[in-house]
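Please open the structure in a viewer and keep the selection panel at hand. The stops below indicate what to select next and what is to be found there.

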Amino acid sequence: MKSGWVLLAVVILLAALAGLAVGQVDIGPAMLWHGALTGEGPGALTLRLIRAPRVVTGLGAGAALGMAGAICQMLFRNPLAAPDVMGFTAGAGLAVVAAIALGLGLPLPPVAAAGGLATAGLVAALSWSPRHDTPPLTLILVGLGIGFTAGALGSFAMTRLPQAEAAEAQRWLTGSLAARDWGQAAQVWGISAVLGLVAAVQMRALAVLELGEAMAAGLGLRAGRARWALVATAVLLAATGVAVAGPLPFVALMAGPLGARVTGARSPLAQMLAAGATGAAIVVLADLAARAALPGIQLPAGVTTGLLGAPYLLWLLARGMARGAL
Amino acid sequence: MSGSLRFVGVVALLALAMGLSLGVGVRDVPVAAWWPALVAYDPTDPNHITLITIRLPRLCAGLIAGGALGVAGTVMQALTRNPLADPGLLGVNAGAAFAIVLGAVLLGAQGAGAIAFLSFPGAALAAAAVFALGGGLRGDAGPVRLTLAGAAVNALLLSLVSAIVLIQRESLDILRFWVAGSLSEATRRPLGEMAMAAGLGGALALFLAPAIEALSLGAALSRGLGTRPGRVQAGALVVITLCTGAAVAVAGPIAFLGLMVPPLARAIAGHRLRAELAVSAALGATILLLADTAGRLVLAPAEVRAGIMTAVIGGPVFIALARRVRPGAPA
């Protein structure tokens with residue numbers, strides 16, 4: 001469906017433009033337009049320093065989370081197997097809060113990545129059983145448990161922070177795009193682009209894995225290694241998004257199925273790209289809604305993705321129940 | 001070990017936890033001072049003041065909340081035949097806390113007793129929603145479905161709470177007071193009323209226990225035994241609402257207690273729901289009091305909230321239980 005891709009592109013463009021036009025300071029469209037063209041006046045300053053980096057960071061973070069979600073969902077063949085449901089983003093978030101609390105002064109992307117990878121390793125190790133293959137639902141349950149524990153440890157770390165920093169950490173843990181700068185925008189786009197390429201190369205292996213373990217082995221694929229590489233890429237992508245935007249809830253969960261439905265994408269690569277585009281659209285729209293919903297109040301974007309995502313998760317469950325799949 | 005000896009052990013453990021909760025803290029109150037403080041209260045003796053105005057309300061709050069959550073968790077797990085059911089994980093705590101915060105923000109009455117009673121409708125709505133969406137009332141809820149439904153309801157309510165707090169800065173204090181999951185504000189909570197509510201819930205649970213056991217044999221078989229599944233489920237939801245609402249009103253949302261206690265109680269009491277309920281209440285109170293006492297000590301003089309302590313212990317317990325669950329099979 002070509003029209004689906006066009007629709008997605010139009011939505012992203014409109015969302016980005018609206019994200020540039022709406023903000024805490026009320027500046028008329030004429031002045032913004034003037035500022036954008038000439039690079040002078042208050043409009044130009046607001047755009048360059050505040051709104052543009054925010055929108056660009058949001059697009060990058062959403063794309064990274066969306067692609068991460070789609071990879072996991074395709075690999076485990078379960079729409080619930082998203083990095084945010086399985087606790088990976090919670091682990092990345094906990095690592096960042098811990099780094100702030102301990103005052104390590106480390107750059108956040110590697111910290112988030114380490115936290116996410118450690119969590120994924122822990123989930124895999126704890127759901128492993130010598131007797132039988134790990135069903136994806138066990139991974140999901142164990143991941144949920146790890147997510148709960150990470151949340152509790154995060155609150156524990158928070159009690160050790162001074163009040164101002166604790167409030168900041170709380171805001172960060174909700175998932176927010178407030179006060180992003182161009183450095184963060186470049187960071188999320190640069191790392192996501194590299195990881196996206198790596199993932200694109202792996203999509204062939206994913207397509208073979210979908211045929212089943214035996215078939216994959218017959219085609220000369222080392223299934224175990226390919227699986228691990230795919231999970232690692234997905235976790236790194238998710239951590240890249242988390243490092244700049246916080247653990248935005250449910251973006252990775254929603255983006256994959258929604259993107260596939262809108263674009264009608266079939267091949268793994270197309271599904272991943274659709275999920276990335278959808279994730280970008282979701283995050284920018286959620287941020288826009290969070291900022292514009294109530295005059296004078298800037299809610300963090302995580303509040304809106306939580307409000308959107310939770311009913312979606314409930315709908316998924318209700319549908320799974322009707323089909324008897326869960 | 002014989003059955004009665006185990007029950008004695010449970011009671012002894014509870015007594016030990018109560019003793020530690022009274023005696024240990026930033027200021028240790030010697031046992032010798034306890035009886036005089038009760039019978040001949042001396043308002044100039046710091047030991048007496050600590051014991052009567054701080055430790056005793058805290059002990060009561062721990063007994064009420066811990067016992068109530070133990071009962072609520074046991075009833076939930078028996079009703080859904082799901083080892084991962086817990087008032088905190090299934091969003092019932094969050095529903096009660098959200099109702100209180102919303103009421104406090106809208107009505108503007110902070111810390112007043114009337115606000116605390118909003119926890120009951122909140123808990124009832126959340127419990128009904130999670131059970132309906134998770135398929136809990138059909139008794140065939142897969143653990144994954146029910147747990148995820150709870151996680152979704154939790155996430156939804158948390159987003160709403162953080163939206164309220166960010167919209168109205170003043171409500172942050174309300175939030176801190178009501179949504180902290182701690183026994184430290186016990187003196188300002190309606191302990192007497194909530195003890196009655198929890199007691200009522202516990203009594204109803206004991207009354208319903210045989211019917212719930214019959215129900216766990218399957219709806220058709222239980223009808224043959226003369227049970228009306230709809231009524232029993234409604235009654236069990238009332239128990240869950242009363243117990244969880246009371247616990248949240250005195251201690252805020254405390255997760256994982258209702259998850260950890262029932263398997264321990266089953267190990268001690270065997271598969272007899274009435275005995276299990278009694279042991280659950282005692283063990284719930286014991287664990288909560290121990291968690292609270294430990295929270296006072298680990299970072300002294302700062303306090304770690306009891307809710308955080310139970311969550312840090314409870315997360316690994318959840319994972320251990322989840323590993324044993326065979327997903328897909330009705331638990």
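Which residue follows α11(A), and what is the sign of its phi? The residue is G264(A), with a positive phi near 70°. Please note before proceeding that this is a predicted model.

**Stop 1: helix α11 of chain A**

Select residues 251-263 of chain A, which make up helix α11. The helix contains 13 residues, and the distance from its first C-alpha to its last is 18 Å, close to the 18 Å expected at 1.5 Å a residue. Colour the selection by accessibility: V251(A), A252(A), L253(A), M254(A), A255(A) and G256(A) are buried. Further along the helix, G259(A), A260(A) and T263(A) are buried as well.

**Stop 2: chain A as a whole**

Extend the selection to the entire chain. Chain A has 13 helices and 0 strands. Its radius of gyration is 20 Å, close to the 20 Å given by the globule rule for 326 residues, so chain A is as compact as a globular protein of that length. The C-alpha trace spans about 65 × 50 × 40 Å along its principal axes.

Of the 326 residues, 54% count as buried. If the contacts of chain A between residues at least 6 apart in sequence are considered, 78% of them join residues at least 24 apart. A surface representation of chain A shows an accessible area of about 14,000 Å², and 70% of this belongs to carbon and sulfur atoms.

**Stop 3: S192(A) and E210(A)**

Select S192(A), which is located in helix α8 (residues 182-209) of chain A. With a relative accessibility of 7%, S192(A) counts as buried. Beyond residues up to four places away in sequence, S192(A) touches G60(A), A64(A), M67(A), L237(A) and T240(A).

Next select E210(A), in the loop between α8 and α9 (213-218) of chain A. E210(A) counts as partly exposed, at 36% relative accessibility. Residues up to four places away in sequence aside, E210(A) touches M74(A), R77(A) and P268(A). E210(A) and R77(A) are separated by 133 residues in sequence, yet their C-alpha atoms are 8.3 Å apart.

**Stop 4: aromatic pairs**

Over all chains, the count comes to 4 aromatic pairs. Display F148(A) together with F256(B): the ring centres are 5.8 Å apart and the planes stand at 75°, so the pair is edge-to-face. F148(A) belongs to helix α6 (residues 136-160) of chain A, whereas F256(B) sits in the loop between α11 (229-251) and α12 (257-269) of chain B, so the pair joins two chains. Both F148(A) and F256(B) are buried.

Then select F117(B) and F120(B), which form a tilted pair, 6.3 Å centre to centre with 40° between the planes. How exposed or buried are F117(B) and F120(B)? F117(B) is partly exposed at 35% relative accessible area, whereas F120(B) is buried at 14%.

**Stop 5: from the aromatic cluster to the core**

Add F318(B) to F148(A) and F256(B); these residues form one aromatic cluster. F318(B) also leads to the largest nonpolar core: of its 175 residues, V75(B) and F318(B) touch the most other members. Finish by centring the view on V75(B). Its neighbours within four places in sequence aside, V75(B) is in contact with A205(B), I212(B), A236(B), V239(B), I240(B) and L277(B).

Note on methods
Residues are numbered from 1 along each chain as its sequence is written. Chains are lettered from A and ligands numbered from 1 in the order in which they are written. This is a predicted model: local features need pLDDT of at least 70, side-chain atom pairs count only at pLDDT 80 or more; totals for chains, interfaces and linings use all residues. Side-chain values use heavy atoms; hydrogens and water are left out. Rings of Phe, Tyr and Trp (its six-membered ring) pair if their centres lie within 6.5 Å; planes under 30 degrees apart count as stacked, over 60 as edge-to-face and the rest as tilted. Helices (H or I, at least four residues) and strands (E, at least two) are DSSP runs, numbered from the N terminus. Buried means under 20% relative accessible area, exposed over 50%, partly exposed in between (1.4 Å probe, protein chains only). The expected span of a helix is 1.5 Å times one less than its number of residues. A nonpolar core is a set of buried Ala, Val, Leu, Ile, Met, Phe, Trp, Tyr and Cys residues joined through side-chain atoms within 4.5 Å. Contact means heavy atoms within 4.5 Å. The radius of gyration is taken over C-alpha atoms; the globule rule is 2.2 Å times the number of residues to the power 0.38. Accessible areas come from the Shrake-Rupley method with a 1.4 Å probe; for residues, only the protein chains shown count as cover.
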